[in-house]
Amino acid sequence: MLKGLVVAAFGKRYEVELEDKRRISCVTRGKKTDIASGDYVEIALTDHREGVVEKILPRKTLLYRSNAFKSKLLAANVTQIVIVLATQPSFYEALLNRCLVAAEAAGIKVLIVLNKCDLPNADATEKLAQYAQLGYQTLSLTATNHIAPLLPYLHGEQSVMVGQSGMGKSTIINALLPSQAARTQEISAALDSGKHTTTATRLYYLDADSSLIDSPGLQEFGLHHISQFELEQAFIEFRPYLGHCRFNNCRHLHEPDCAILNQLNLAVSPNRLAQYQQLTEELHRNTS
Ligand SMILES: Nc1nc2c(ncn2[C@@H]2O[C@H](COP(=O)(O)OP(=O)(O)OP(=O)(O)O)[C@@H](O)[C@H]2O)c(=O)[nH]1
Ligand SMILES: [Mg+2]
Ligand SMILES: [Zn+2]
């Protein structure tokens, strides 16, 4: 049995890098798809370039999304999620909040990047500032011109980039690692392969201590695996007030003497409260 790191995941095929740096194309036994880029695994070789994953080694972290039927793993063993937004096309704030909830529940550090800052968008800049005010690390970037400001945030971290299609995730990889050439939208337009450019999740080494995973654009981010407790905790500005509502089981929707609702327009913005309430209603629709 050989130990390796999963450096790419395409549906049911995985690329595993062995300790001697050989890259082996692997499948799983049966229909298992519970492996992610960043996983450490043990494989059995079936040919000199092919193998079967026999075992997943214990994970430090696991970032995933889920609906009522299945989970989709995004990345294993990452220390940081880099949520990539752009000035154009405009981004969905609900998706940003879902990424934040998943990251908080998985205990992963967050960096929110607003890319394409060469293109004007006052609304996006203002939104980014609101998240900085909550305490999140944020960065304005123009990946096509000047990638250097991103470097200190990636150093020493195992990061995964997530975001909608077209935000510039693969462009960031190419700017950091020009020799690796991840496929971006211009190239796929030439190949006429549709809107989503990146189809696999792939891990890139930045230096001996840092790596960055590129992932396909997200359209939705199901949070079926998140509990009410995790959801409340994931809204970081709620934390000082949780446990101070009149009712122990307060969901902060419209209960009297709710410590969260009492903070409306103070520590809690109407916008974030609405996002929280929508996720809570969804959670209880799912479980009732
Ligand atoms: N003006 C401008 N365009 C950018 C910038 N960064 C990326 N782009 C463009 O945005 C488009 C999409 O970039 P990609 O890197 O393919 O986006 P992606 O997030 O990887 O998209 P998916 O793989 O579909 O998820 C390309 O045409 C890039 O050239 C930037 O900083 N400024
Ligand atoms: Mg891409
Ligand atoms: Zn309450």
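These entries record what I looked up in a predicted model of a protein with one bound-ligand shell, ligand 1.

**Conventions.** I number residues from 1 along each chain as its sequence is written, and letter chains from A and number ligands from 1 in written order. As the model is predicted, local features need pLDDT of at least 70 and side-chain atom pairs pLDDT 80 or more, while totals for chains, interfaces and linings use all residues.

**Overall fold.** I find seven helices and 13 strands (DSSP runs numbered from the N terminus: helices H or I of at least four residues, strands E of at least two). The C-alpha atoms fill a box of roughly 65 × 45 × 35 Å along the principal axes. I count 35% of the 288 residues as buried (20 or more other C-beta atoms, placed from the backbone, within 10 Å of the residue's own). Of the contacts with a separation of 6 or more, 63% join residues 24 or more positions apart (contact: C-beta atoms, placed from the backbone, within 7 Å).

**Ligand 1.** I list 23 residues around ligand 1, with S165, G168, T171, T198 and G217 coming nearest (C-beta atom, placed from the backbone, within 6 Å). By class, the shell holds four nonpolar, 15 polar and four charged residues (nonpolar: Ala, Val, Leu, Ile, Met, Phe, Trp, Tyr, Cys and Pro; charged: Asp, Glu, Lys and Arg; polar: the others, Gly among them). Both α4 (169-176) and α5 (185-191) supply at least two shell residues; α4 gives the largest share, three.

**Helix α4.** I note K169, S170, T171, I172 and I173 as its buried residues. Their cover includes β8 (80-86), β11 (158-162), β12 (201-207) and β13 (210-214).

How values were computed. A residue is buried if 20 or more other C-beta atoms lie within 10 Å of its own, exposed if 12 or fewer, and partly exposed in between; C-beta atoms are placed from the backbone. Two residues are in contact if their C-beta atoms, placed from the backbone, lie within 7 Å.
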